[in-house]
Amino acid sequence: MDTAVPDSTKRLGLTSETSDAELVSLVDSWVEANVPEPWRAAAPGGRSAIRAVRPRADYEAWYPTLAASGLAVATWPLAYGGLDLSPRQARVIEGRLAPYNLGRLNPLGLHNMAPALFAHGTEEQRLRFLPPMVANRERWCQMFSEPGAGSDLASLAMKADRDGDEWVLTGQKVWSTWAHRSEFAICLARTDTAAPKRKGITYFLVDLRSPGIEVRELRHMGGRVDFDEVWLDEVRVPDFHRVGAAGDGWRVAGSTLAGERQMVAGSGSGGVDRIGGSGVMRTMERFDELEVRASEQDHLLRLYAEERIRAWTNERVRATVKAGGTPGPAASIGKVHQGSLNQAIQLAATNLLGAAATAFPEVGVVAEAGIDGWADALPYEVASMIRSRANTIEGGTTEVNKNVLGERVLGLPREPDPFHGANWEDTPR
Ligand SMILES: Cc1cc2nc3c(=O)[nH]c(=O)nc-3n(C[C@H](O)[C@H](O)[C@H](O)COP(=O)(O)OP(=O)(O)OC[C@H]3O[C@@H](n4cnc5c(N)ncnc54)[C@H](O)[C@@H]3O)c2cc1C
């Protein structure tokens, strides 16, 4: 068990009393002393210039330096790896760090696990699990969906039986993003089959290195392995790893799902702008290179305007959350809008490549490398366009989020459910 207390000696000496000018100067000095020189030198050239000198593996190896400073989660309490600063101070910091593109690792820990622990975990659980998650020493994934329970998540069938101080979990999960490179998973399992489907679920933190767990990789249409099937066969989970009361997992999961929707909508606080591709600006910067016609420019500018509206709406949601409010149905509006908008942006970027989108030169060269070579050879725009197809599915489909909006915002009649209130074991699946 990783009980390492965060190393506060490396923490930046900032407090809620620190003035903005001091904040800027301390953060700038930290960047100078800690961000490797070639990365700093590349920063004026933007994200692509940084990526060119900063391979992913190098960034992951360096990342504990950022985490140890507390800057990765500046508004969080010191004990969980943060700096206990105000949201306003955190924005000043984000502004100073933005040019260096220091993205937060472990997004499923930050956005999906942490909200559940903040809202429903015990102090012991927060102290045990948050610091190593912030440092990316323990990577997290989410095991909610099952073959028969995606949109209708509450009908899930993985079972968990109590045995003394432990729970024994058996069943199958699917679409578990990054399970093959995670140490822990948040996991929903059924602890009471004789209760209505939303009542008999419990929320667990599962150590993926436990005996009885098999992770099987799934390859998606972009040619890469990003998610998995996970099989659990009598896996023992300590009761300390249960979040919230037994049978109350649906309510706990609500915190996770709201955090996930915000992340996918781009309104989270962890710096995730979109899942798949870059914004319209990047494409516009390539106008000359791509020989963009006036009619295409018009289309891109419309998308740009829509993207700005999306960004401002996200700002509002972030401000509400930082002021202590909840994102509420706005998270669903953002999710629905961002999903289709990002698909339109990535498709527009791909269209501009013309024939080069399908007949890219590297494909012959890498053919011998098999499917991985094919995935490596995909032009950035095409890979992003393919990835963006999932934006209207992941984190709840667009159709289901529209149902949420219809019922909870517009007050339309609920979708009929002839088995409403029936026990899970009496409900056909
Ligand atoms: C890239 C990606 C990553 C993912 N990562 C994770 C992860 O890390 N962890 C995890 O637990 N899950 C993950 N998922 C799973 C995701 O949450 C589910 O795919 C999603 O909830 C939809 O469930 P389903 O695939 O079972 O589709 P289904 O629920 O079978 O839906 C099929 C179709 O029916 C429609 N539909 C279903 N019910 C209704 C309704 N009531 N009204 C109108 N239309 C309806 C849907 O909109 C969809 O078009 C991921 C999915 C993707 C694509």
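These exercises concern a predicted model.

**Exercise 1. Confidence**

Find the average pLDDT of the chain, and a stretch where the pLDDT is below 50.

Solution. The chain average is 89, and 91% of the residues reach a pLDDT of at least 70. Over residues 1-5, however, the pLDDT is below 50, and this stretch makes six contacts beyond near neighbours in sequence. Residues 268-272 also stay under 50. For residues 268-272 the model has 15 contacts beyond four places in sequence.

**Exercise 2. The shell around the ligand**

Describe the residues around the ligand by distance, class and element, then state which domains they come from.

Solution. Start with distance: 20 residues surround the ligand, and those that come nearest are G150, S151, T177, T397 and E399. Next, sort the shell by class: eight residues are nonpolar, nine are polar and three are charged. Then look at the elements: β1 (140-143), β3 (166-177) and α16 (398-409) each give at least two residues to the shell. Last, consider the domains. Residues of the shell come from both domain 2 (105-250 + 418-429) and domain 3 (266-396), so the ligand lies between these domains.

**Exercise 3. Residue Q297**

Decide whether Q297 is buried, exposed or partly exposed, and state how far Q297 is from R198.

Solution. First locate the residue: Q297 belongs to helix α11, which covers residues 294-322. Then apply the cut-offs: 20 or more C-beta neighbours within 10 Å would make a residue buried, and 12 or fewer would make it exposed. Q297 has 13 such neighbours, so Q297 counts as partly exposed. Finally, Q297 and R198 are separated by 99 residues in sequence, and their C-alpha atoms are 49 Å apart in space.

Key:
Residues are numbered from 1 along each chain as its sequence is written. This is a predicted model: local features need pLDDT of at least 70, side-chain atom pairs count only at pLDDT 80 or more; totals for chains, interfaces and linings use all residues. A residue is near a molecule or strand if its C-beta atom, placed from the backbone, lies within 6 Å of it. Helices (H or I, at least four residues) and strands (E, at least two) are DSSP runs, numbered from the N terminus. Ala, Val, Leu, Ile, Met, Phe, Trp, Tyr, Cys and Pro count as nonpolar, Asp, Glu, Lys and Arg as charged, and the others, Gly among them, as polar. Domain bounds come from an automatic or database domain assignment. pLDDT is the predictor's confidence in each residue, from 0 to 100. Two residues are in contact if their C-beta atoms, placed from the backbone, lie within 7 Å.
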